[in-house]
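Let's take a walk through this fold, strand by strand. Have the model open beside you and follow along.

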Amino acid sequence: RDRVIIQRDIRTPPHQFKKLTGHKQEVCGLKWSPDRQHLASGGNDNKLFVWNQSSLCPVQKYSDHVAAVKAIAWSPHQHGLLASGGGTADQYIRFWNTLTGQPLQSVHTGSQVCNLAWSKTTHEFVSTHGYSQHQILVWKYPSLQQVVCLTGHHCRVLYLAMSPDGQSIVTGAGDETLRFWNVFNKSRLQKESRSALNLFSSIR
């Protein structure tokens with residue numbers, strides 16, 4: 001089983017590529033930073049690595065997770081802020097300051113963390129989950145206050161994608177369904193200070 005990350009530039013000849021080696025088991029998560037200067041990788045070896053453009057070895061290694069790291073997301077609002085989620089034996093979302101290499105806060109979710117994505121417009125993020133609750137959670141950052149829990153899938157929520165305008169997400173699960181959620185609606189952000197509870201009941 002392959003443990004190598006292959007980095008290619010489609011503008012260069014096929015034989016020109018970089019091999020990034022460091023993980024001891026399969027690589028199950030990859031995400032470029034917003035400025036495209038750093039690549040974060042998660043593996044079945046429970047490790048989270050950060051790579052830069054010039055090195056063939058990881059420049060940072062994080063080993064706090066105790067299960068596979070599939071869910072990875074860079075904050076679009078705070079430079080160097082990275083979030084990662086652990087598998088069934090871990091169930092934590094952890095945050096890292098990659099500028100200093102220091103761990104930040106963490107939160108236990110109660111379920112396998114499958115995906116993470118930051119809101120494009122506010123300091124919130126969404127996580128999708130597997131065993132045992134198969135839920136979708138929206139959180140505030142940095143308070144890690146849970147905003148809403150969305151249910152409907154009956155199997156692991158393995159896929160997550162955000163709409164171009166950043167207002168909606170689509171999730172896919174092993175129950176063979178796609179579900180669309182309006183989680184970061186602009187009207188909610190504008191009115192949130194006045195009536196958050198009423199707004200949640202109307203748009204979520």
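Strands here are DSSP runs of E, at least two residues long, numbered from the N terminus. With that in hand, start at Ser127, which sits in strand 12 (residues 124–129). Keep in mind that you're looking at a predicted model.

Is Ser127 buried or exposed? Its relative accessibility is 0%, so Ser127 counts as buried; the cut-off for that label is under 20%. Its side chain has polar company, though. One polar contact, of 2.8 Å, links it to the side chain of His129, and another, of 2.9 Å, links it to the side chain of Trp139. Setting aside residues up to four places away in sequence, Ser127 also touches Ile93, Asn115, Leu116, Gln135, Ile136, Leu137 and Trp139.

Several of those names lead on to other parts of the chain. Take Ile136, which stands opposite Leu150 in strand 14. Strand 13 (residues 136–140) and strand 14 (residues 146–150) run antiparallel and are joined by four bridges. Five residues lie between the two strands of this hairpin, and there Leu144 takes a positive phi near 60°.

Now for the nonpolar interior. As a rule, nonpolar side chains in soluble globular proteins tend to be buried together. Here the largest nonpolar core has 15 residues, and the ones with the most contacts inside it are Ile93, Phe95, Leu116, Trp118, Phe125 and Tyr141. At least two residues of this core come from each of strand 7 (69–74), strand 8 (81–86), strand 9, strand 11 (113–118) and strand 13. Strand 11 gives the most, with three residues. Phe95 is a good one to click on: leaving out residues up to four places away in sequence, it touches Leu81, Leu82, Ala83, Pro103, Leu104, Gln105, Trp118, Phe125, Tyr141 and Leu144. Another core lies apart from this one; it has 13 residues, among them Ala117, Ile136, Val138 and Ile169.

What about the sheets? One is an open sheet of four strands, in the order 3-4-5-6, with antiparallel pairing. Strand 3 (27–32) and strand 6 (60–62) are at its edges; each has a single partner strand, so one side of each is left without a neighbour in the sheet. From one strand to the next, the twist averages 20°. At the strand 6 edge, strand 5 (residues 48–52) pairs with strand 6 over three bridges, in the antiparallel sense. Look for Val50 there: its bridge partner in strand 6 is Gln60.

A second open sheet has three strands in the order 15-16-17, again paired antiparallel. Which strands stand at the edges? They are strand 15 (157–162) and strand 17 (178–181), each with a single partner strand, so one side of each lacks a neighbour in the sheet. Neighbouring strands of this sheet are turned by 20° against each other on average, direction ignored. Strand 15 is joined to strand 16 (residues 169–173) by five bridges, and the two run antiparallel. Leu160 stands opposite Thr171 in strand 16.

Finish out in a loop. Leu99 lies between strand 9 (92–97) and strand 10 (102–108). Leu99 counts as exposed because its relative accessibility is 55%, and the cut-off is over 50%. Neighbours within four places in sequence aside, Leu99 is in contact with His79 and Gly80. To tie this back to the start, find Trp139 again: its C-alpha atom is 23 Å from that of Leu99, and the two residues are 40 apart along the chain.

Definitions and conventions
Residues numbered from 1 in each chain as written. Predicted model: local features only at pLDDT ≥ 70, side-chain atom pairs only at ≥ 80, totals over all residues. Heavy atoms only, no water. Buried < 20%, exposed > 50% of the residue type's maximum accessible area, 1.4 Å probe, protein only. Contact = heavy atoms within 4.5 Å. Pairing = 2+ DSSP bridges. Axes fitted to C-alpha atoms, helices over the stretch in contact; angles between N-to-C directions. Polar contact = N/O pair within 3.5 Å; in protein donor to acceptor, adjacent residues only side chain to side chain. Core = buried A, V, L, I, M, F, W, Y, C linked by side-chain atoms within 4.5 Å.
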